[in-house]
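Work through the exercises below with the sequence and the model open. Each task is followed by a solution in steps.

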Amino acid sequence: MKRSSSEKIELAIYYIMIFLILREWLVPIMELTDTGYFIQFMVFMALCLTLGVFSLPLVVTWLIKIIYITWFIVNVYSDGTLTTMQFLSNELKYNISTLFAGEWIYVSDPLRTSLFFILLWMLIYLIQHWVSVRYTIYYFLLLTVFFVGTLDTFTDYDGTLAIINVMVLGLVLTSLLFIKRLMQATNTQKDWSSYLVFAAPIIIFVTIAGVVAAFLPKAEPQWPDPVPYMKGIAGIGGSSTQSVATVGYGNNDENLGGPFAGDDTIVYEIKTPIRQYWRVETKDFYTSKGWIHTGDESLQQTLEMSDVLPLSIGPGKEEPQSVQVQAVEEEHRFLLQAYGTTSYLLYDPQSVLRFNRGNEKIAAVANNDVMAPASYEMTFQQPEYSYTALKESLSSTENDPRYLQLPDDLPQRVTDLAHEITDWYESVYDKARAVEDYFARNGFQYETTNVQVPAANQDYVDQFLFETKLGYCDNFSTSMVVLLRSVGIQARWVKGFASGERVYAEDGIYTYQVTNNDAHSWVEAYIDGIGWMPFEPTIGFSNPMNINYDVDLETPEEEQLPELEKQETPKPELEEQDTQQKAKNASSTIDWSKFKWLLYGLLALIVIGSILAWKKRGKWQPKLAVQMNRSKLNNAGTFEEAYFVLLKQLERIHLKRSQDETLKQFAKRVDEQLSTTKMSELTAFYEQLIYAKQSEHLNTAEMKEIWEYLINRTSS
């Protein structure tokens, strides 16, 4: 049904107010979820409402909206390496297979964004029906007030101004629609002058009321805040009188626990070739409430810039790389450390380094005063840990006994839990990894506000492990250190900053902004033959350590034959023939020139065969890997080796896991490239088998089938 020009103008007025009300929905969603592209979403809402004004065919309006959504998805998520059709095809295949496999959490971000667009589309369609057919906005207005009010109450979003805007717009629109319904009921011919006579007083009155409401002073709340009461009923959160600290790097860690407020003030801007944790110091003595450092002033030494840094985690064998640190807030009197730091460059020629051997804290000193340098550079060589060596080390005994210290009154159930987690494993590395992954699989949650302080007679770790299971990095890292020490593994508590947010990249150098929110703590454990090694138990954080998964395929039988031939004992008859031949050689010399071309031909065949075998290795290597490693899939002890054989095969086809990628993220990327969901399934199997000890519930036959399928896919 075609609309007249006056009807289109009238509908456009309604939709402009609808658009402004919908904006109050979108603003808190964008703010609370830290979602970008606000303008693009607003344009989509304006597009949907504008198309609703005109009586266009449904197919046309759908096509326009779908084109806009497609344009947004391609421009935001495509990196330009694929054509538009290839990108959309890959996304479609991956998400369809993921959904049919029931792996809802693994759908891609483009699909999630598309679903959000469709949600906005359906919401606007419903509102258009209410306005243009039923001439009412009551339910939508009620939902909007409830939505904004709920967010204002239970989140950090301030909805005061939004509530006023919604009420003013909603009351004006409700009044206009009431006039519309009244004119239809009385069959009154619409006349713009008479229409404005009715509408103008309402619009003026509501607008004045809204302005007065915005600027008049407000009384304090007459009812108590219901949020603490509801959290108390739910059994979460601490005392209502508990003080809230501000997040950031501090020196006093004697009493950990309690909530803290976020602070996104930028303290460092760092240019680095790889993602790093920025280490500052370690602490060794756990008091049952927090951490202290037991060293004294005698452990401090002064170093020149050219001196070798005596850090306990030495540099790796890679090429030296440089990091530039810019202190935006010059408040911290220490130098950040990258793992494998070898030297510093400070721009003050009078400055030297002060190194504390007890906690490995490094500071810049000039004229005996500790400085907070505005900028400096460090050189590092990232350490690399051999997976084979890690698996072979079975003890943690060659360092310092203070890293096994525990309070005398540590509850026995903490020690019992430590043994329960680690007794399945032999190597120190496997035990530490089991503790590291324990928190992600046993109901623990990362929380910064509803965090309790332990009572006077309560152990900080015991409270977190067995009662609250809510906390942030200090809870997770302290608990891991105590659990490791409980089973005889030397461990220490490490403080510093997480990587920060990457904001810029150029020529392989990445710029990270590190804020007070990035102040962080983690764990270092000592492994005999390896040394100190970082671990990250906090949920939501990723350890940037570099492990070389040096799992090589076994030598094929064909390559062993020459060695076997060398070890064979010559038979007597062959020895006799050899003696006779030597006697003949004494009287006559063999003319080897007759066999020259035959030897050249054999050599050419060997070279050509070797080249062909190398070029076709993608066909025979996977089959060989299947034959040689199939038996390793039968139990947890050897399945991990077979899993890393698969990682090596994937690396051969340029699917290598990056340092800042979790196994789940890597599995998802592999599945996207191979158009399957098998890698995610196998990784889930692997994590259950290795870390959750659920081997009795796993289908090993299915694991074998999936593993062989993925190995064989590397040959296609």
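A residue counts as buried when its relative accessible area is under 20% and as exposed when that area is over 50%. The model is a predicted one.

**Exercise 1. Gln405**

Task: Decide whether Gln405 is buried or exposed, and state which residues outside its sequence neighbourhood it is in contact with.

Solution.
- Step 1. Place the residue: Gln405 sits in the loop that joins helix H10 (387-392) to helix H11 (412-422).
- Step 2. Apply the cut-off: the relative accessible area of Gln405 is 14%, so the residue is buried.
- Step 3. List the contacts: with neighbours within four places in sequence left aside, Gln405 is in contact with Asp284, Phe285, Tyr286 and Arg485.

**Exercise 2. Ser108 and Ala364**

Task: Give the setting of Ser108 and of Ala364, and classify the burial of each residue.

Solution.
- Step 1. Ser108 is in the loop between helix H4 (84-100) and H5. Its relative accessibility is 2%, so Ser108 is buried.
- Step 2. Not counting residues up to four places away in sequence, Ser108 touches Glu91, Tyr94, Asn95 and Lys668. From Ser108 to Thr98, ten residues apart in sequence, the C-alpha to C-alpha distance is 9.3 Å.
- Step 3. Ala364 belongs to strand S11 (residues 362-366). With a relative accessibility of 0%, Ala364 is buried.
- Step 4. Leaving aside neighbours within four places in sequence, the contacts of Ala364 are Leu335, Leu346, Val352, Asp369, Val370, Met371 and Pro373. Ser351, 13 residues apart from Ala364 in sequence, is 6.3 Å from it, C-alpha to C-alpha.
- Step 5. Turn to the whole protein: buried residues make up 42% of its 716 residues.

**Exercise 3. Two helix pairs**

Task: From the angle between the axes, classify the packing of H1 with H2 and of H13 with H14.

Solution.
- Step 1. The axes of helix H1 (residues 5-33) and helix H2 (residues 38-53) come within 10 Å and cross at roughly 155 degrees. An angle over 145 degrees counts as roughly antiparallel, so H1 is roughly antiparallel to H2. The crossing of H1 past H2 is right-handed.
- Step 2. Residues of H1 in this contact include Leu11, Tyr15, Phe19, Leu22 and Leu26, and those of H2 include Phe41, Met45 and Leu49. By class, the contact of H1 with H2 holds 16 nonpolar residues, one polar and two charged.
- Step 3. Helix H13 (residues 460-468) packs on helix H14 (residues 473-486) at an angle of about 105 degrees, and the axes are 9 Å apart. The range from 65 to 115 degrees counts as roughly perpendicular, so H13 is roughly perpendicular to H14.
- Step 4. On the H13 side are Tyr460, Val461, Phe464 and Leu465; they meet Asp474, Asn475, Phe476, Thr478, Ser479, Val482 and Leu483 of H14. The classes in the contact of H13 with H14 are seven nonpolar, three polar and one charged.

**Exercise 4. Aromatic pairs**

Task: Assign a geometry to the ring pair Phe41 and Phe116 and to the ring pair Tyr429 and Phe535.

Solution.
- Step 1. Two rings pair if their centres lie within 6.5 Å; planes over 60 degrees apart count as edge-to-face, under 30 as stacked, and the rest as tilted. By this rule there are 35 aromatic pairs.
- Step 2. The ring centres of Phe41 and Phe116 are 5.2 Å apart and the planes are at 80 degrees, so this pair is edge-to-face. Phe41 is in helix H2 and Phe116 in helix H5 (residues 109-134), 75 residues apart. Both Phe41 and Phe116 are buried.
- Step 3. For Tyr429 and Phe535 the centres are 6.4 Å apart and the planes at 40 degrees, so the pair is tilted. Tyr429 lies in helix H12 (residues 428-438) and Phe535 in strand S21 (residues 531-535), so the pair ties together parts 106 residues apart in sequence. Tyr429 and Phe535 are both buried.
- Step 4. Phe41 and Phe116 also belong to one aromatic cluster, with Tyr37, Phe44, Tyr68, Trp71, Phe72 and Phe117.

**Exercise 5. Positive phi**

Task: State where Ser288 and Asp507 lie, and compare their phi values with the general pattern.

Solution.
- Step 1. Most residues other than glycine have a negative phi.
- Step 2. Ser288 is not a glycine, yet its phi is positive, about 85 degrees. Ser288 is in the loop between strand S5 (285-286) and strand S6 (291-292). Its relative accessibility of 11% means that Ser288 counts as buried.
- Step 3. Asp507 also has a positive phi, near 55 degrees. Asp507 is in the loop between strand S18 (501-506) and strand S19 (509-515). Its relative accessibility is 76%, so Asp507 counts as exposed.

Terms used. Residues are numbered from 1 along each chain as its sequence is written. This is a predicted model: local features need pLDDT of at least 70, side-chain atom pairs count only at pLDDT 80 or more; totals for chains, interfaces and linings use all residues. Side-chain values use heavy atoms; hydrogens and water are left out. Axes are lines fitted to C-alpha atoms, for helices over the stretch in contact, and angles run from 0 to 180 degrees between N-to-C directions. Helices (H or I, at least four residues) and strands (E, at least two) are DSSP runs, numbered from the N terminus. Angles under 35 degrees count as roughly parallel, over 145 as roughly antiparallel, 65 to 115 as roughly perpendicular and the rest as oblique. A crossing is left-handed if the near helix is turned anticlockwise from the far one by less than a right angle, and right-handed if clockwise. Contact means heavy atoms within 4.5 Å. Ala, Val, Leu, Ile, Met, Phe, Trp, Tyr, Cys and Pro count as nonpolar, Asp, Glu, Lys and Arg as charged, and the others, Gly among them, as polar. Rings of Phe, Tyr and Trp (its six-membered ring) pair if their centres lie within 6.5 Å; planes under 30 degrees apart count as stacked, over 60 as edge-to-face and the rest as tilted. Buried means under 20% relative accessible area, exposed over 50%, partly exposed in between (1.4 Å probe, protein chains only).
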